[in-house]
Amino acid sequence: MTAIWQSIEEIPADFGPAVAVIGNFDGVHRGHAQVIAAVCDEAHAKNCQSIAITFDPHPEQFLRPASAPKLIAPMPERLRLLAATGVDAVLVLPFCESLACLKAREFVETILVEKLRVCAMHEGANFRFGNKAEAGVAELAEFGREFGFTLTVHRAVETHGLTVSSTAIRETVAAGDMRRARWLLGHTFAVRSTPAKGRGIGGRLLVPTVNLAPYSELLPAFGVYVTRLTVGERCFQSITNVGNRPTFGEPSFAVESHILNFEPSNPPDLTEETPLELEFLLRLRPEIQWPSPEALKAQIFKDIGRAKRYFRLLMR
């Protein structure tokens with residue numbers, strides 16, 4: 001089981017020697033997974049412990065909140081994905097003014113060497129750290145020679161001719177291209193939330209439609225998507241509209257999922273606290289303002305037919 005530490009004070013005194021990687025790990029994509037796998041392999045070979053070091057909030061959210069990117073995976077999901085890599089421990093460093101001002105040398109000496117007893121590091125070629133991103137992999141390698149740890153530098157991962165990065169994933173998700181997002185992530189793009197309040201929720205789900213609670217991080221482009229909706233412990237085929245629903249008068253943003261294999265005789269339990277996971281599989285079309293509710297209804301039937309065909313093909 002992966003240990004999760006929320007500060008350096010939580011690190012056990014006997015932890016280490018360690019093989020480590022530092023990063024934001026937003027989305028825990030294919031590139032992150034490859035580096036972490038190398039960390040785990042080296043730690044196993046050296047009979048050491050493996051650790052991933054990350055930050056909360058994302059440094060951009062602290063340093064430049066007005067322009068900070070929406071997160072692919074908020075911290076709870078990031079920790080779940082990191083734990084799934086098999087790394088021994090994850091250290092979450094609170095990103096605050098004191099950490100932002102910490103010089104690269106001090107970070108290496110006080111956290112990597114003294115607290116974690118690092119014997120090896122793994123980083124991507126564009127890694128930067130320290131006050132105002134003063135140091136990169138060249139400086140980290142020099143610190144390694146001074147303090148007695150090695151550094152392995154990893155090149156960017158490519159898949160289907162695309163370079164894997166969190167920035168590229170945000171762009172593909174924002175464009176609604178869920179296939180390319182899945183290629184880059186190595187898993188489906190998903191949102192974890194709860195049902196929206198004030199929708200008549202109580203005890204059992206009586207209609208096959210669920211609205212997501214307001215969600216402040218990354219969502220796909222407005223449109224209609226083939227999705228999978230997990231309600232508590234139950235997983236359903238679904239079709240989801242992300243957008244303002246313009247056909248019905250005043251725009252009102254919602255992420256609204258319609259369950260395709262809904263069972264009126266056995267509806268899922270649903271309260272305002274029920275955990276939901278919504279996986280985006282395929283974009284069917286952009287959101288459109290239809291001339292009438294009847295025209296929209298006719299299109300919805302077409303969308304449902306396409307979604308059902310998608311799931312039939314998926315299960316072959």
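What percentage of the 316 residues in the chain is buried? The answer is 48%, where a residue counts as buried if its relative accessible area is under 20%. Keep in mind as you look around that this is a predicted model.

Let's start with the whole chain. Its secondary structure comes to nine helices and 14 strands, and the C-alpha trace spans about 70 × 40 × 35 Å along its principal axes. Of the contacts with a separation of 6 or more, 72% are between residues 24 or more positions apart. On the outside, the accessible surface comes to about 15,800 Å², and carbon and sulfur atoms account for 54% of that area. As for charge, there are 34 positive and 35 negative side chains, with the centres of the two sets 10 Å apart.

Now find strand β4, at residues 89–94. Five of its six residues are buried, so β4 is largely enclosed by the rest of the structure. Two strands run parallel to β4: β1 is joined to it by three bridges, and β3 by six. You can pick out individual partners here, too. I4 stands opposite V90 in β4, while F55 has L93 of β4 as its bridge partner.

Helix α3, covering residues 75–84, belongs to this neighbourhood as well. Its buried residues are M75, E77, R78, L79, L81 and L82. What do these buried residues pack against? Their partners are β1, α1, β3, β4 and β9. After the helix comes G86, which has a positive phi, near 90°.

Strand β9 leads us to another part of the chain, an open sheet of six strands. Their order is β9-β14-β11-β12-β13-β10, and the pairing is antiparallel. Why do β9 and β10 each have one side without a neighbour in the sheet? Both stand at the edges with a single partner strand each, so one side of each is left without a neighbour there. From one strand to the next, the twist averages 30°.

Inside this sheet, follow β11 (residues 223–231) and β12 (residues 234–243), an antiparallel pair joined by nine bridges. One residue pair to look for is R228 with its bridge partner Q237 in β12. Finally, helix α8, at residues 178–185, packs on the sheet and touches β9, β11 and β14. The direction of α8 makes about 130° with that of β14.

Definitions and conventions. Residues numbered from 1 in each chain as written. Predicted model: local features only at pLDDT ≥ 70, side-chain atom pairs only at ≥ 80, totals over all residues. Heavy atoms only, no water. Helix = DSSP H or I, 4+ residues; strand = E, 2+ residues; numbered from the N terminus. Buried < 20%, exposed > 50% of the residue type's maximum accessible area, 1.4 Å probe, protein only. Contact = heavy atoms within 4.5 Å. Areas by Shrake-Rupley, 256 points an atom, 1.4 Å probe, with all protein chains shown as cover. Lys, Arg positive; Asp, Glu negative; His and termini not counted. Charge placed at Lys NZ, Arg CZ, Asp CG, Glu CD. Pairing = 2+ DSSP bridges. Axes fitted to C-alpha atoms, helices over the stretch in contact; angles between N-to-C directions.
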